[in-house]
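Please look over the chain below, first as a whole and then with attention to its charged side chains.

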Amino acid sequence: MKRSVLSLPLALLMSLAPITGFAYSPGEEVPISYPAEILKYDSASVRYSKTGGQVFVSNAPESIYDDGAQRADGSIITGQVNSTLYRDTVLGSFRLWASHYNKSSQTLKFWLHVENRSEQDISLYKTMQGYSDTSVTTAASRATVQFMDSVPESALIAMIPAGQSVYFAYSDEDNVRPGNAMIYIAEFRAEFADRSDAEVRVSNVVTNDQVTDPTPYATTGTIARTNATATTSDDYRGLLAHWGREGTIDVTLTDENPAIGIKVADLGYAGEQESLMARWDVHGNPVEQREVRFIIPGQLNKLRLAYWYTDYQIGIRITNRSSFPVAHTLYGSNGSNPGFINYQINGSRTVNTHFSRNTAVPIHTENDFELRTMVMPSAYLPFGLYIAAGNQKEVPLDLAVVKAEHTLFPADVATATKLINTHVPESERAPLLDRLSAVVQAQEASERVERLERETREAEQLLLVSDFSVKGKQRTELLQTLQQSVQAADENSKEVKELLSAIHTEQPVLASRKQSWMDALNGMQGRLRSMSQLIEDAGDPPLKGNGKADIRMKLGTGSVISLLSEQEEKIVDALGSLDRISWLSHDRSIAEVTQDGHVRTLRNGVVKLTGFNDKGVVHIYLILSGNER
């Protein structure tokens with residue numbers, strides 16, 4: 001288990017938060033040892049709608065240097081201290097977040113300069129905030145927790161007369177020392193006397209700690225140049241249209257799909273994303289408002305979207321149809337990235353905890369709950385939210401094996417094998433790998449049974465469409481062809497039986513499938529035996545008149561009868577049941593028979609009809625003369 005980077009009092013406070021619903025230890029990092037299917041962005045299971053006002057973002061230049069420092073391409077940095085980092089107009093209620101790293105030799109002071117450019121007086125309020133300056137991850141964690149746990153309460157900052165400005169320092173009393181990062185997030189509201197939305201121009205300004213009035217730096221025609229080069233980005237500053245997302249994640253777990261993953265803060269599910277818009281380029285020059293993009297000609301064109309500090313309010317709705325009793329929700333890495341998560345469950349106090357590469361933190365086991373989360377600056381994206389079936393204590397290490405046993409997909413076997421070899425102690429792998437060996441055998445058996453079903457159908461179809469009225473050499477060749485087709489399928493059936501007999505498993509799903517395949521195999525072998533007997537009987541001299549027959553009937557021409565209605569008892573005696581009987585006429589010019597046993601007589605003569613299933617063969621001789629009886 002990893003410790004949070006929070007200071008002891010705050011960590012202690014968060015440890016008292018009501019964390020219920022899972023048997024893992026709070027904050028435990030759990031390896032992603034389960035086969036989570038990451039939902040695609042067009043999945044109907046994840047939906048968002050945008051909420052809240054604008055977001056003023058200042059995250060470039062991310063690192064602030066003294067004059068004379070060099071960028072990655074060797075260009076010289078000037079004018080980052082004592083300058084505006086970003087400036088834009090906002091309307092009504094808005095949030096502002098700033099994240100900057102002091103790599104200068106000076107103590108830095110951060111300010112907001114707010115200008116009322118209207119012809120009416122306005123009031124500026126602050127309702128929530130979080131602030132910290134220390135190491136990057138600690139500052140981000142502290143500021144995020146403070147903000148998420150804030151209770152909205154309007155505090156008047158100032159009355160701003162028409163055409164006038166106010167400013168205030170938001171860095172703390174000792175400001176931001178060299179080597180420290182500063183994270184600030186706050187919610188504000190600008191309004192007229194009638195409480196309607198007012199527009200203000202906001203400048204985020206950084207100065208040294210000797211400056212007492214940032215106004216000269218908030219009114220310049222250019223702003224600070226970032227540290228972007230032709231091949232490195234440093235461009236995340238601008239406006240986002242909405243600070244929040246209300247969403248639903250509605251998923252179903254089954255044994256075929258026992259774990260599901262959802263990306264957080266990435267390209268976006270339905271309704272999730274929007275573009276970062278800026279009025280300044282990376283050189284600090286004014287431009288018409290446009291999307292922020294990082295472009296390397298011919299190689300990259302990356303649109304900047306809403307990632308950090310989006311306020312997610314998500315209703316989690318889980319239907320658990322798996323054989324496991326509990327659905328565990330875990331939150332953390334989407335792969336190789338480590339980081340910190342900040343979340344609330346059903347309105348609880350904020351939990352901040354670390355996750356390592358390829359791990360996630362269990363956060364709940366209820367099937368219906370509300371999750372609030374914000375991804376703090378400095379985090380590598382995206383995060384992963386996982387919902388996995390398990391027992392009361394944990395997501396079991398054999399979950400990937402269970403999935404493979406149910407799907408029989410080679411890809412699932414490969415995934416399970418990799419997860420076992422990665423996450424399961426070597427001394428415990430053998431039983432799981434033995435189960436996967438049975439899955440591989442079952443995969444082959446499934447394919448072979450399916451192939452045998454196809455071969456049996458083809459042999460039967462060839463039999464049913466054949467013209468048994470041919471004589472001499474034609475008849476001999478026909479019967480040889482038919483017998484070869486049946487014999488080939490029969491030989492394959494023997495191999496399939498050996499393959500099925502070799503599958504040894506105690507897992508109910510595989511044992512059930514094995515029995516189902518054995519039942520199907522027995523049925524196919526029975527039909528093949530019946531077809532072989534039919535072909536052998538067809539090689540004997542035709543039996544006519546009072547010759548050997550299971551059933552004899554005299555009919556007139558032009559008759560239409562149902563064999564099953566007229567001869568049900570005798571047919572059942574011969575075939576054991578009326579199930580899956582196939583019928584054929586040995587001379588379709590005399591009488592025709594359909595596959596449901598209806599006969600239509602056509603001309604005078606004697607004709608043999610044969611029915612068969614997996615239990616046997618029945619021969620019916622029809623003696624036709626005169627008109628319909």
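What follows goes from overall dimensions to salt bridges and then to a charged surface patch.

The model is predicted. Along its principal axes, the C-alpha trace of the chain spans about 125 × 55 × 50 Å. The radius of gyration of the chain is 39 Å, whereas a compact globule of 629 residues would have a value near 25 Å. The secondary structure comes to 10 helices and 34 strands. Of the 629 residues in the chain, 52% are buried.

Next come the charged pairs. The structure holds 26 salt bridges, and three of the pairs are taken up here, followed by a network.

One of the salt bridges joins E191 to R189, with 2.7 Å between the closest N and O atoms. Are these two residues buried or exposed? Both E191 and R189 are buried, which means that each has a relative accessible area under 20%.

A second pair is R317 and D368, whose side chains meet in a salt bridge at 2.8 Å from N to O. Which parts of the chain does this pair tie together? R317 lies in strand β21, residues 311-320, and D368 lies in strand β26, residues 368-373, so the salt bridge ties together parts that are 51 residues apart in sequence. The accessibility of the two partners can be given in turn. R317 has a relative accessible area of 27% and is partly exposed. D368 has a relative accessible area of 52%, and because the exposed class begins over 50%, D368 counts as exposed.

The third pair is R600 and E592, which form a salt bridge with the closest N and O atoms 3.1 Å apart. R600 is partly exposed, at 42% relative accessibility. E592 is also partly exposed, with a relative accessible area of 33%.

Salt bridges can also be followed from residue to residue. R95, E187, D311 and R372 are linked in a network of them.

The last topic is charge on the surface. Which residues gather in a patch of negative charge there? The patch consists of E444, E447, E450 and E453. Patch members have no salt bridge, so these four glutamates stand apart from the pairs described above. One of the four, E453, lies in helix α6, which covers residues 429-465. E453 counts as partly exposed, at 30% relative accessibility.

Note on methods:
Residues numbered from 1 in each chain as written. Predicted model: local features only at pLDDT ≥ 70, side-chain atom pairs only at ≥ 80, totals over all residues. Heavy atoms only, no water. Buried < 20%, exposed > 50% of the residue type's maximum accessible area, 1.4 Å probe, protein only. Helix = DSSP H or I, 4+ residues; strand = E, 2+ residues; numbered from the N terminus. Patch = residues over 30% accessible without salt bridge, like charges linked within 9 Å, V, L, I, M, F, W, Y side chains within 5 Å. Areas by Shrake-Rupley, 256 points an atom, 1.4 Å probe, with all protein chains shown as cover. Lys, Arg positive; Asp, Glu negative; His and termini not counted. Charge placed at Lys NZ, Arg CZ, Asp CG, Glu CD. Rg over C-alpha atoms; globule rule 2.2 N^0.38 Å.
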